[in-house]
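Q: Hey, I'm new to this one and would like a quick tour. Can we go through it bit by bit?

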Amino acid sequence: MVDLKGQYQKIEARVKESIVDTLDATSFINGPQVKSFQKNLEDYLGVKHVIPCANGTDALQIALMGLGLKPGDEVITADFTFAATVEVISLLGLTPVLVDVDLKTFNIDLDALKKAITPRSKAIIPVHLFGQAAPMEEILSIAKENQLFVVEDNAQSVGANYTFSDGSKMKTGTIGEVGTTSFFPSKNLGAYGDGGAIFTNDDKLAHTLRGMVNHGMYERYHHDVVGVNSRLDSIQAAVLDIKLEYLDHYNESRKAAAAKYTQRLSNHPEITTPFRAGDCDSHVYHQYTLRVSEAYRDDLVKQLNKKEIPCGVYYPIPLHLQKAYRSDRYNNADFEVTNQIVKEVISLPMHTELGEDQIDHITNTILEFLDKK
Ligand SMILES: *Cc1c(COP(=O)(O)O)cnc(C)c1O
């Protein structure tokens, strides 16, 4: 699915040097590498504050803690996302409210979002799923009308741009009150271990969050708020600082691979290739996810496995049907799209090192299989 080795080999000398420098300096926690990466990521994103932390799940949890939400407050998010998004809501004693997604983009459905708002709603977590920007302009306006915080889960979309109707652009993750990302190795900006970050333009919130990631300390051994231990280590920061220089190039490689897949697959009647809602900047293809007729999807997965072509089903079960997140509040009929697409989606290999010959082999295998049906 990913070719971390091929990507690594191209920057190997630089990464090794940087890791060795970090070892020699022995400042393993909060070393200068972390400060440098933080500053460079702030510049890249055009955001005032980046707060590095240990992983993308912590980033979401700490973002919600920083907003001062209280048990019983409702937080609305998409039914079709990685479980981390809803997990942190439940973990904090907040009430998750899952809503259906849009059939074309797989991002949160705006009508379902509006319908889910109650007097207890306090925040919305749009997920920029598979690398594609969620409809932020509409989400911001719904949030403003209903006095809700917007927390962007940008774990899959770092580097994507959202274009507003006046033509102005902002990086995803920097548009709401707060945004979060993950540096899990397979993400678009991947570390060589775990890592994450929180983004905000709000000085006060940034200050709160910086203490929260470090045991609620703003002054050594003075604990002003309840915090956690969630820091990005210096070695990961050293790796990320180098990889950040290549992020736009990496995302361009993903887009080029996506364009080739689409060119070869889009005419087949049983296949729906990914829809792009905005311009070329709005989708950085963390995943390249097709919809295939329900009747063939599982057999196609088997066929690809047989031919040793990796593929994935992200995600096979709607969150509202997962044991941990079931609730009497939900009516299964309200999740028509998610219930359908979990049976149709299939994600193909997507990374920065995909060659034309590999794409040909993958797409030919898919087309041959479907044509025999
Ligand atoms: C990967 C991911 C996360 C969690 O990130 P980790 O660094 O693995 O904790 C959260 N949300 C989404 C949508 C993700 O894809």
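A: Sure. Let's start with leucine 319, which is found in the loop between helix 9 and helix 10. Keep in mind that this is a predicted model.

Q: Is leucine 319 buried or exposed?
A: Leucine 319 counts as buried, because its relative accessibility is 3% and the cut-off for buried is under 20%.

Q: And how far is leucine 319 from phenylalanine 37?
A: Their C-alpha atoms are separated by 34 Å, and the two residues are 282 apart along the chain.

Q: What else is in that loop? Where does tyrosine 315 lie?
A: Tyrosine 315 lies in the loop between helix 9 (294-306) and helix 10 (336-341). A cis peptide bond joins tyrosine 315 to tyrosine 314, with omega at about 5°.

Q: What form do most peptide bonds take?
A: Most peptide bonds are trans.

Q: OK, new topic: the ligand. Which residues come nearest to it?
A: There are 13 residues around the ligand, and Gly56, Thr57, Asp153, Ser182 and Lys187 come nearest.

Q: What classes of residue make up the shell around the ligand?
A: The shell has 7 polar, 4 nonpolar and 2 charged residues.

Q: Which side chains have an N or O atom by an oxygen of the ligand?
A: Glutamine 156 is one, with a side-chain N or O atom 2.8 Å from a ligand oxygen. For asparagine 55, the distance from a side-chain N or O atom to a ligand oxygen is 3.5 Å. There's also lysine 187, which has a polar side-chain atom 3.1 Å from an oxygen atom of the ligand.

Q: How much of the ligand does the protein bury?
A: The protein buries 91% of the 380 Å² that the ligand exposes when taken alone.

Q: Which elements give two or more residues to the shell around the ligand?
A: Those are helix 3 (56-66) and helix 4 (84-91). As for the space the ligand takes, that is the largest pocket.

Q: Let's stay with helix 3. How many of its residues are buried?
A: In helix 3, 10 of the 11 residues are buried, so the helix is mostly covered. Among the buried ones are Gly56, Asp58, Leu60, Ile62 and Met65.

Q: What happens at the start of helix 3?
A: A side-chain oxygen of asparagine 55 reaches to within 3.0 Å of the backbone nitrogen of threonine 57 there. Asparagine 55 came up earlier too, with a side-chain N or O atom 3.5 Å from a ligand oxygen.

Q: And what follows helix 3?
A: Glycine 68 does, and its phi is positive, near 70°. Then there's glycine 72, in the loop between helix 3 and strand 2 (74-78).

Q: How accessible is glycine 72?
A: Glycine 72 counts as partly exposed, at 33% relative accessibility. Its C-alpha atom is separated by 9.8 Å from that of lysine 122, which is 50 residues apart from glycine 72 along the chain.

Q: Which residues other than glycine have a positive phi?
A: Glutamine 147 is one of them, with phi near 50°. Tyrosine 285 is another, with phi near 45°. As background, most residues other than glycine have a negative phi.

Q: Where are those two, and are they buried or exposed?
A: Glutamine 147 lies in the loop between helix 6 and strand 5 (149-153), and at 72% relative accessibility this residue counts as exposed. Tyrosine 285 lies in the loop between strand 12 (271-272) and strand 13 (288-292), and is buried, with a relative accessible area of 9%.

Q: You mentioned helix 6. Where does alanine 143 fit in?
A: Alanine 143 is in helix 6, which covers residues 136-145. Alanine 143 is buried, with a relative accessible area of 4%. From alanine 143 to alanine 123, the C-alpha to C-alpha distance is 7.8 Å, and they are 20 residues apart in sequence.

Q: Last one: what about lysine 39?
A: Lysine 39 has its place in helix 2 (residues 32-45). Lysine 39 counts as partly exposed, at 45% relative accessibility. The C-alpha atoms of lysine 39 and histidine 49 are separated by 8.4 Å, with their positions 10 residues apart along the chain counted as the spacing.

Technical notes:
Residues numbered from 1 in each chain as written. Predicted model: local features only at pLDDT ≥ 70, side-chain atom pairs only at ≥ 80, totals over all residues. Heavy atoms only, no water. Near = heavy atom within 4 Å. Polar contact = N/O pair within 3.5 Å; in protein donor to acceptor, adjacent residues only side chain to side chain. Areas by Shrake-Rupley, 256 points an atom, 1.4 Å probe, with all protein chains shown as cover. 1 Å grid on protein atoms, 1.4 Å probe; cavity = no way out; pocket = protein on both sides within 12 Å on 5 of 7 lines; lining within 4 Å. Sits in = over half its atoms within 2 Å of the grid points. Helix = DSSP H or I, 4+ residues; strand = E, 2+ residues; numbered from the N terminus. Nonpolar A, V, L, I, M, F, W, Y, C, P; charged D, E, K, R; others polar. Buried < 20%, exposed > 50% of the residue type's maximum accessible area, 1.4 Å probe, protein only.
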